[in-house]
Amino acid sequence: MTISDIRDAMENRTKIIWSDHASSQLLKRGISRLDVFACIDNGEIIEDYPEDYPYPSCLVFGYGTLNGEVKKPIHVVIGFNGEYVWIIIAYVPNNIKFEDDLKTRR
């Protein structure tokens, strides 16, 4: 799985499935679906979880945007079966679990 594969699957936004958990947490965390799209569109895979069930997943680091400008760093966990993209969770990373680059786990 590559970020390009995920972006291609998300191109027309019809092959995206939002987990109930992700949908409820987005509201609580002040992250919009547009932030998630921007994160994936400009981000990179920083961790791979090929053995996840029911589909391989990954952690994407990128930035949400507001009016085309960088807004905030975001992590999105994505499941991908080669056709559909599952948005599992999205959150704003912190320096407790990640280094200052917000990409490297402590």
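Let me start with a cysteine. The sulfur of C39 sits 10 Å from the closest cysteine sulfur, which belongs to C58, and that is too far for a bond. Turn it around and start from C58: its closest cysteine sulfur is the one in C39, again at 10 Å and too far for a bond. A disulfide would need the two sulfurs within 2.5 Å. The count of disulfides in this structure is zero. Are these two cysteines buried or exposed? C39 has 0% relative accessibility, so it counts as buried. C58 also comes out at 0%, so it is buried too. Keep in mind throughout that this is a predicted model.

Now the overall layout. The chain has three helices and five strands. Reading along the sequence, the order is α-β-α-α-β-β-β-β. What about overall size? The C-alpha atoms fit a box of roughly 30 × 30 × 25 Å along the principal axes. The radius of gyration is 13 Å, and a compact globule of 106 residues would be near 13 Å, so the two agree. Of those 106 residues, 38% count as buried. The exposed surface is about 6,200 Å², and carbon and sulfur atoms supply 51% of that. One more figure on the fold. Take contacts between residues at least 6 apart in sequence: 48% of them join residues at least 24 apart.

Next, the inside. Which residues touch the most other members of the largest nonpolar core? That core has 22 residues, and the answer is I6, V36, I40, V76, I78, V85 and I87. Several elements give two or more residues to this core. On the helical side, they are helix 1, residues 3–10, helix 2, residues 20–29, and helix 3, residues 33–42. On the strand side, they are strand 1 at 16–18, strand 3 at 57–66, strand 4 at 69–80 and strand 5 at 85–91.

Zoom in on V36. Set aside its neighbours within four places in sequence. V36 then contacts W18, L26, I31, V76, I87 and A90.

On to the helices, and a reminder about geometry. An α-helix has 3.6 residues a turn, so residues three or four places apart point the same way. Look at helix 1. Its buried residues are I3, I6, A9 and M10. Viewed down the axis of helix 1, they fall within an arc of 125°, so they line one face of the helix.

Helix 2 next. Here the buried residues are A22, Q25 and L26. Their arc around the axis is only 110°, which puts them on the same side of helix 2. What covers them? The cover includes strand 1, helix 3 and strand 5. Which exposed residues sit on the face turned away from the buried side of helix 2? Those are D20, L27 and K28. Just after helix 2 comes G30, with a positive phi of about 70°.

That brings me to the backbone. Most residues other than glycine have a negative phi, and most peptide bonds are trans. This chain has some exceptions to show you.

Start with R13. Its phi is near 65°, positive in a residue other than glycine. R13 is in the loop between helix 1 and strand 1. Its relative accessibility is 35%, so R13 counts as partly exposed.

Then L102. This residue has a positive phi of about 60°, and it is not a glycine. L102 lies in the segment after strand 5. At 11% relative accessibility, L102 counts as buried.

And the peptide bond. The bond from Y53 to P54 is cis, with omega near 10°. Where is P54? P54 is in the loop between strand 2, residues 44–49, and strand 3.

Last stop, I96. Like L102, I96 is found in the segment after strand 5. Is I96 buried or exposed? Its relative accessibility is 69%, so I96 counts as exposed. How far is I96 from Y84? They are 12 residues apart along the chain, and their C-alpha atoms are separated by 32 Å.

To close, back to the cysteines. C39 and C58 are both buried, and the structure has zero disulfides.

Technical notes
Residues are numbered from 1 along each chain as its sequence is written. This is a predicted model: local features need pLDDT of at least 70, side-chain atom pairs count only at pLDDT 80 or more; totals for chains, interfaces and linings use all residues. Side-chain values use heavy atoms; hydrogens and water are left out. A nonpolar core is a set of buried Ala, Val, Leu, Ile, Met, Phe, Trp, Tyr and Cys residues joined through side-chain atoms within 4.5 Å. Buried means under 20% relative accessible area, exposed over 50%, partly exposed in between (1.4 Å probe, protein chains only). Helices (H or I, at least four residues) and strands (E, at least two) are DSSP runs, numbered from the N terminus. Contact means heavy atoms within 4.5 Å. The arc is that of the directions from the helix axis to the C-beta atoms. The radius of gyration is taken over C-alpha atoms; the globule rule is 2.2 Å times the number of residues to the power 0.38. Accessible areas come from the Shrake-Rupley method with a 1.4 Å probe; for residues, only the protein chains shown count as cover.
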